[in-house]
Amino acid sequence: MLKHGHSLAQWTRCSRLVVPLTFTRIRAACIRVLAPKARWEEEKQDDGVKWHKLHHKGPYFAPPYEPLPRSVKFYYNGRPMKLSRAAEEVATFFAKMLDHDYARKKIFQDNFFCDWMQVMTPQERKKIKDLKRCDFSDIHNYFLEKQEAQKALPKEEKQRLKEEAERIQEEYGYCVIDGHREKIGNFRTEPPGLFRGRGDHPKMGMLKKRIMPEDVVINCSKDSKAPQPPCGHKWREVRCDNTVTWLASWTENIQGTIKYIMLNPSSKLKGEKDWQKYEVARRLKKLIHRIRRQYRADWKSKELKKRQISVALYFIDK
């Protein structure tokens with residue numbers, strides 16, 4: 001018997017410490033050994049390879065524009081004016097924002113009017129010269145009434161709309177990746193509208209164009225059937241790149257940035273990324289005291305760059 005009443009069989013050596021084998025420790029060890037592995041620990045891929053088989057339905061596009069009723073008028077210089085379909089759609093974007101602070105900013109108005117002119121017919125451009133003479137109030141009131149009518153829908157109609165949304169979610173909101181059915185994060189393309197930005201963004205008011213299938217790059221496996229584009233359209237490109245996790249991409253016209261359709265955070269690949277971050281944090285924990293000593297010592301370095309990095313590390317650490 002050893003001290004504290006433990007026999008030699010009840011002790012085990014762990015690096016520098018001698019730890020008694022209690023029931024709790026034995027149970028925890030058994031759980032670690034026998035517990036099923038997380039999905040991201042199964043079937044480890046080669047370096048850089050994210051998947052082998054990927055199948056999905058592609059993005060769900062914004063619904064087409066529905067023209068205004070004949071009773072809803074756009075007025076220019078006090079007189080009703082019939083707009084072309086494209087010009088009318090862009091006019092509705094501005095009309096919906098009449099009661100918003102953005103619509104009263106000059107830069108927003110100037111950018112909107114410039115882009116609106118681009119979609120007008122030559123005849124419309126000859127006639128419409130000044131935004132201040134445009135009257136969108138009738139269109140604005142129409143959408144306010146439509147919004148109130150939407151809230152007042154009967155229970156049966158709301159249930160029908162809910163079921164339709166669930167059907168779309170079921171069809172477009174999932175993909176099959178290496179035999180696993182995974183949820184997609186956001187499977188809808190952004191609807192057209194007016195760019196807002198943050199603060200006084202210089203591009204606020206510019207037209208966010210409608211995303212078409214011809215703008216979209218599809219990513220899927222070679223042996224799977226590529227998703228069908230909407231009738232009368234084709235994809236910009238269909239590729240097989242298994243080193244990335246996005247399913248579809250396109251470039252938006254305002255900032256020129258690439259937008260992606262990605263997997264849901266609960267998916268296998270997203271979970272694997274989070275797991276890797278936690279593993280890095282676990283390894284960093286063993287080195288953090290040495291790192292802190294180093295950046296504190298670098299505060300007195302003769303090199304300006306080292307001093308700047310050490311101060312930045314200090315604030316990141318805090």
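The exercises below concern salt bridges in a predicted model.

**Exercise 1.** Determine which parts of the chain are tied together by the salt bridge between Glu-89 and Arg-210, and classify the exposure of each partner.

*Solution.* Begin with the contact itself: the closest N and O atoms of Glu-89 and Arg-210 are 2.7 Å apart, which satisfies the requirement that they lie within 4 Å. Next, locate the partners: Glu-89 belongs to helix α2 (residues 85–95), whereas Arg-210 sits in the loop between β10 (207–208) and β11 (217–219), so the bridge ties together parts that are 121 residues apart in sequence. Finally, consider accessibility: Glu-89, with a relative accessible area of 15%, is buried, while Arg-210, at 24%, counts as partly exposed.

**Exercise 2.** Locate Lys-105 and Asp-200 in the chain, and state whether each is buried, partly exposed or exposed.

*Solution.* The side chains of Lys-105 and Asp-200 meet in a salt bridge, with an N to O distance of 3.2 Å. Lys-105 lies in the loop between α2 and α3 (106–119) and Asp-200 in the loop between β9 (193–194) and β10, so that distant parts of the chain, 95 residues apart, are linked. Turning to accessibility, Lys-105 is partly exposed at 29%, and Asp-200 is exposed at 62%, given that exposed means over 50%.

**Exercise 3.** Describe the bridge between Arg-239 and Glu-237, then identify the residues joined into one network by shared partners.

*Solution.* Arg-239 pairs with Glu-237 in a salt bridge whose closest N and O atoms are 3.0 Å apart; Arg-239 is partly exposed at 30% relative accessible area, and Glu-237 is partly exposed at 31%. Salt bridges with shared partners join Lys-57, Glu-164, Arg-167 and Glu-171 into one network. The count for the model comes to 16 salt bridges.

Note on methods. Residues are numbered from 1 along each chain as its sequence is written. This is a predicted model: local features need pLDDT of at least 70, side-chain atom pairs count only at pLDDT 80 or more; totals for chains, interfaces and linings use all residues. Side-chain values use heavy atoms; hydrogens and water are left out. Helices (H or I, at least four residues) and strands (E, at least two) are DSSP runs, numbered from the N terminus. Buried means under 20% relative accessible area, exposed over 50%, partly exposed in between (1.4 Å probe, protein chains only).
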